[in-house]
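Please open the model in your viewer and keep the sequence panel beside it, so that each selection can be made by residue number.

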Amino acid sequence: MPTWLWLVVALLLGTWSPLWCREGDARIFVSTENDGVWIFSYPKFELVGKVALEGRHPRGIALTPDGRYLITANRTTGDLAIINPKTLQVERSLAVGRNPEFVKVHPSGHWIVASYEPSISPAPKGKPQETILPRAHILVWEVGSWKQVADLAAGLETEGIEFSSDGHQLVVTNEGDSTIGVYHFPSGRLIRMVDLKPYGFRPRGIRRSPQASQYAVSLENSSKVLLLNSKTFQVERELSTEAGPYGVAWDPQGKFLIVAAARAGKLQVFDPQTGKLVTSVPVGQRGWHFSFTPDGQAIVVACGRSQDLHVVATGSWKVIQVIPDLPVPWGIVTLPLSAGSLGLP
């Protein structure tokens, strides 16, 4: 499919939702490590359903642009669950490998990508960690047929996944060796590895700006977010955050950069043009991921260790609601699709 048609399809589907959703409220899907997927209505925030994933411990979560498939990456069973979001039934499972964490849908909706990170032993003294095998892998499946079409060798402990604006580059973060891998898509050819160690360690989240000019990458162990040029991958700006930045995303207009400083229990808002901190919002413990609501009026933060959702009003940047008693919430996406650390760029 030509690039221009990919973009048109993605744009149209990004504002579309199935009839079953449009007739009622929008939906917020939250992966909980200990109790499958919890589904809330919006704007009422009523619990309207659950997807039972007993013993799987889902983390990564994604939706296809047409809303037909909900996908979770399941830590314990090492697979992806392909779920019908209308019936809340698991339609099939796709084997991945040990310890999958992130799953991402291509902007065209034709492919899904997941990373997994085999366990590794600490490097012997005096020997670089990146010399220790096994390395992580990135797997690609075709949506609908569910045929696996690629298996790419990656860095160590591959985490975040993002696509370029034209869909022809796949960009991933490798927390174990503090690099970014850039691949041609869908061929899987490695284009470059970007070494981030001069700036910090353990890159986790990665998101492309709405203007497609930059990537934001969180460095969890260095309390930084880097803004990289999307063409050259040169670092254009360093932002100092509070402890443990994880999920990161721009607002839909690209005016603000939102960072989940998970270890600090804060949601931080930056002006990406100046690098200045706009505000820090206290939320729950270990807010790993977040999403804007479909109308853009609020941000919902999944706080794993305090086991709740914090709803933050955009503009005023105040917590307006706390939804308690979720069993270790990890990831969050919405339907219709919206911007967030796992959703739209």
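The tour below moves from one strand to its neighbours, then to aromatic rings, and ends at a serine.

Before selecting anything, note that this is a predicted model, in which local features need pLDDT of at least 70, side-chain atom pairs count only at pLDDT 80 or more, and totals for chains, interfaces and linings use all residues. Residues are numbered from 1 along each chain as its sequence is written, and side-chain values use heavy atoms, with hydrogens and water left out.

**Stop 1: strand β9**

Select residues 111-116, which make up strand β9; helices (H or I, at least four residues) and strands (E, at least two) are DSSP runs, numbered from the N terminus. Six of the six residues of β9 are buried, so the strand is largely enclosed by the rest of the structure, where buried means under 20% relative accessible area, exposed over 50%, and partly exposed in between (1.4 Å probe, protein chains only). In a regular strand the side chains alternate between the two faces of the sheet. Show the side chains here, and W111, V113 and S115 point one way from β9, while I112, A114 and Y116 point the other way.

**Stop 2: the strands paired with β9**

Add residues 100-105, strand β8, which pairs with β9 in the antiparallel sense over four bridges; two strands pair if DSSP finds at least two bridges between them. P100 has Y116 of β9 as its bridge partner. Five residues lie between the strands in the hairpin of β8 and β9, where G109 takes a positive phi near 85 degrees. Next add residues 137-142, strand β10, which pairs with β9 in the antiparallel sense over six bridges, with W141 of β10 as the bridge partner of I112.

**Stop 3: S115**

Centre the view on S115, which has a relative accessible area of 0%. Leaving aside neighbours within four places in sequence, S115 is in contact (heavy atoms within 4.5 Å) with eight residues' worth of surroundings that include F102, H137, T158 and E159. A polar atom of the S115 side chain lies 3.4 Å from the backbone oxygen of T158. **Stop 4: aromatic rings**

Which residues form one aromatic cluster with F102? Select Y246 and W330 together with F102, and the cluster is in view. The structure holds nine aromatic pairs; rings of Phe, Tyr and Trp (its six-membered ring) pair if their centres lie within 6.5 Å, and planes under 30 degrees apart count as stacked, over 60 as edge-to-face and the rest as tilted. Turn to Y69 and W146, whose ring centres are 5.0 Å apart with planes at 85 degrees, so this pair is edge-to-face. Y69 sits in the loop between β4 and β5, and W146 in the loop between β10 and β11, 77 residues apart; both Y69 and W146 are buried. Return to F102 and W330, an edge-to-face pair with 5.6 Å from centre to centre and 75 degrees between the planes. This pair links distant parts of the chain, with F102 in β8 and W330 in strand β28 (residues 329-335), 228 residues apart. F102 is buried at 4% relative accessibility, and W330 at 3%.

**Stop 5: S31**

From W330, move to S31, which touches W330 as well as residues including G36, P58, R59 and G331. S31 lies in strand β1, residues 26-32, and is buried with a relative accessible area of 0%. The S31 side chain reaches the backbone oxygen of R59 at 2.6 Å and the backbone nitrogen of G331 at 2.9 Å.

Terms used. A polar contact is a pair of N or O atoms within 3.5 Å; within protein, one must be able to donate a hydrogen and the other to accept it, and residues adjacent in sequence count only if both atoms are side-chain atoms.
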